[in-house]
Every structure is written in C-alpha cells, then in structure tokens.
Amino acid sequence: MKINLIQLIKEARKNYDSENPILNDGTGSLSFDEIMNVETSLLEKVPEGSNIAIIGDFDKFSICCILKLLSKRCTVTPLTKETEIQHDYFIRTSKAQFLIKNQKLIKIPVNNNKLSQEKFNIKSGGIIFYSTGTTGLPKAILHSLEKFIMPFEIRKKEYKSVGFLLFDHIGGFNTLFHLMFNNGTLYKTESRKIEEVLEIIKTNNISLLPTTPTFLRMLMFHPLFPDIVPNCLTTISYGTEIMHESTLKFLSKSLPKIKFRQTYGMSELGILPVKSKSSFSTEITIIKNKNVDWIIGEDSVLKIKSKYSMEGYLNAPTPFEEDGWLNTGDIAISSDNEYFKI
C-alpha cells in the first residue's frame, strides 16, 4: 500500500486553528507548505521502493528527504555523524542501495540478498533503526511506515519541543512525527549541553522537553538550579534509561509547575501509549487498547504485544513468540495490576 505521507500530515494539520512551522533549525523556520520547495532534486535518481541511508539531522534538508522518500515507498535508514565508525556495518546490514551524505547521492553496490521490502513484503515504505549493540552487534530493526504512523492517527495537543533525542533514534523520530501530525514545531539543538538547551527553550517559549534521566540529573546539580529552568517549560518527558525515584521526587518538588511524564518502550515495539501515575512516581502503565496489550508473568518479567511492532530484524532471529508476545527482559513490580515500576 502506497502512503502519501506528506498529504496525510497536511490533512492532519488542517484540524488546528493556525498553521505552525514544523521546524526551526537555527537558520530559520520551515512551514509545511515549503517542504516541496526545498532543493532535493537528487531524489529524482532514487527509484520508488529503494533502500536508502541518509546521514543527517533534524534540519530542513534531512527532514524533507525523509518525507519525500517515505512517500515514494522507500525504506530509509537515518544515520548521524556521531556513529560514523559504524556506518559501513549499518549500510551493509540495511542493504542500502543509495547513501545521502553531505547532500550528495552515492550509489552503493548490493549483494544478492533480498532487500528489506522483499524479505518482509513491505509495500508502504519503512524505517530502519539500530539497537545500541550492548549485547553484541547492533541489530537492524525494520518498521513499516504503515504501522509506524498508526499511533499518530488521533489528534493531540500542539507543542513546541526541543529535538533532544537523536536523528537515528526511534524516540527522536517519535518526537518529530508527533509534532508534524499535531501542528507542533521542532527546535533543533546543536548540542545537549544544559545551557544551550535551556536557552533555546527560553528564547522560543517552548513548553515540552523530551529528554533522559542523565540530562535531568546533570540539570539538578547545576549551580543555578532551579532558577535556570525557564518558566515557559510545562512538560518534561523522560525515558531510554532508568529514573531513580529519589531523583524524580527532588525534581518534582523543585519544579512544581512542571509535569514529569515517563515514557517506556523498545525500538522493536514501536511507540507505546504510556501514562505516569504522577509527576512524583516512577510507576507507569501502558494503556491497553485494540493495538497494545501487556502482562507481567509469574517470573515478574514484562511481556508486551503491540500492533506497532517492527517487521523483524534484518540480521538476527525474531524475538517474538509465536502468538506475538515479546519478552522485554524487564522486571516489573506492580501493586494493583494496573501501574508498575521497572
């Protein structure tokens, strides 16, 4: 199924009273109507349905390329300069036929192995993310575009947000897609230094910061904390690693006007609907619906079934059980069978 991603996002944004830019990357803003005018003529040489890797960031060129390629049923592998030492491995395992580097198109010879679209029968285009490789070589995680955008079908509040999570991370793409579908604006940051991030928030009156517990721990030890935190910031979402409850309680007490929201997920499972019990609590629940279910087994290990899940690994056996459940390996403690603590 071919998905005109650009048209889908355009239609979704019509539900809001006024049009906000989708991006401010430090060189200026980009409205959604300007996407087609950004110079990306190199994409004309990319056949529909191709596999293509792009070394980029949350900037005008990279975002426009991603949207146009996905609308051409291509499977895209986002990469960053920071992982350059691993690029050869990423390009080889993704079976990329083309590489976009420094805004130039490079054709790559491929072996006879099936491309990801053929191997998993993807007809809508897809996105490949890589695991961190902490338990071996990084795994190539393939998502179909059709499933990846399912969580964005329901309209939500429009936000301004810092693009804190990286261009090659599923969390970074989740932030970008959430903002695009919900008339929000992503503000690019060149670094993750406290002063730079908070200055962008203050200057642009930003209300949402998606970040990590590590950044928040660094923030609370800043000599000007809590006064350095801009008043416009109303929501902080955090994930990707464990948050210590003592840290969260200290932050919530020091910043009472800010709502702290924990996220939870794995790149293999897609974007999960998560709710924190409160700003002070590390207890969360994954909201059960027709697309997502979870159970805590007798061994206290959390198992999740999600229709947003990846199609599979390109370079490893499937981790899913025959009935679709994924053993996350995370120990979950629950006192009420609704909220649990990892």
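Visitor: Where does Arg-73 lie?

Guide: Arg-73 is in the loop between helix 2 and strand 4 (75–79). Helices (H or I, at least four residues) and strands (E, at least two) are DSSP runs, numbered from the N terminus. This is a predicted model, in which local features need pLDDT of at least 70 and side-chain atom pairs count only at pLDDT 80 or more, while totals for chains, interfaces and linings use all residues. Residues are numbered from 1 along each chain as its sequence is written, and side-chain values use heavy atoms, with hydrogens and water left out.

Visitor: Why is Arg-73 called partly exposed?

Guide: Buried means under 20% relative accessible area and exposed means over 50%, with partly exposed in between (1.4 Å probe, protein chains only). Arg-73 has 23% relative accessibility, so it counts as partly exposed. Its backbone is worth a look too: phi is positive, about 65°, although Arg-73 is not a glycine.

Visitor: And what makes Gln-103 exposed?

Guide: Its relative accessible area is 52%, so the label exposed applies. Gln-103 also has a positive phi, near 60°, in a residue other than glycine. You will find Gln-103 in the loop between strand 5 and strand 6 (104–107). That hairpin has two residues between its strands, and Asn-102 there takes a positive phi near 55°.

Visitor: How do you know that strand 5 and strand 6 pair?

Guide: Two strands pair if DSSP finds at least two bridges between them. Strand 5 and strand 6 have four bridges, in the antiparallel sense, so the requirement is met. Within this pair, Phe-98 stands opposite Lys-107 in strand 6. Strand 5 (98–101) has another partner in strand 3 (residues 51–55), with three bridges in the parallel sense. There, Phe-98 is the bridge partner of Ile-52.

Visitor: Why is strand 6 called an edge strand?

Guide: Strand 6 belongs to an open sheet of seven strands in the order 6-5-3-4-7-8-18, with mixed pairing. Strand 6 and strand 18 (312–313) each have a single partner strand, so one side of each is left without a neighbour in the sheet.

Visitor: What makes strand 16 and strand 19 edge strands?

Guide: An open sheet of three strands runs in the order 16-17-19, with antiparallel pairing. Strand 16 (292–296) and strand 19 (326–331) each pair on one side only, which puts them at the edges. The twist averages 25° from one strand to the next, where axes are lines fitted to C-alpha atoms (for helices over the stretch in contact) and angles run from 0 to 180 degrees between N-to-C directions. Strand 17 (residues 301–306) pairs with strand 19 over three bridges, and Lys-303 stands opposite Asn-327.

Visitor: Which way do the residues of strand 12 point?

Guide: In a regular strand the side chains alternate between the two faces of the sheet. In strand 12 (residues 235–238), Thr-235 and Ser-237 point one way, Ile-236 and Tyr-238 point the other way, and all are buried. Strand 11 (residues 208–211) pairs with strand 12 in the parallel sense over four bridges, with Leu-209 opposite Ile-236. In the loop between helix 8 (213–220) and strand 12 sits Pro-226; the peptide bond from Phe-225 to Pro-226 is cis, with omega near 5°.

Visitor: Why is Cys-65 not bonded to Cys-64?

Guide: A disulfide is a pair of cysteine sulfur atoms within 2.5 Å. The sulfur of Cys-65 is 7.3 Å from that of Cys-64, its closest cysteine sulfur, so the distance is too far for a bond. By this rule the model has zero disulfides. Cys-64 counts as buried because its relative accessibility is 0%, and Cys-65 is buried with a relative accessible area of 0%.

Visitor: How much space lies in the second largest pocket, and what lines that pocket?

Guide: About 480 Å³ lies in the second largest pocket. Of its 21 lining residues, the closest to its centre are Gly-56, Asp-57, Asp-59, Lys-81 and Lys-188. On a 1 Å grid over the protein atoms alone, a pocket is an open set of points where a 1.4 Å probe fits, with protein on both sides within 12 Å along at least five of seven lines, and lining residues have an atom within 4 Å of a point. Helix 2 (60–71) and strand 5 each supply at least two residues of the lining.

How values were computed:
Points joined across faces, edges and corners; volume = space filled by probe spheres on them.
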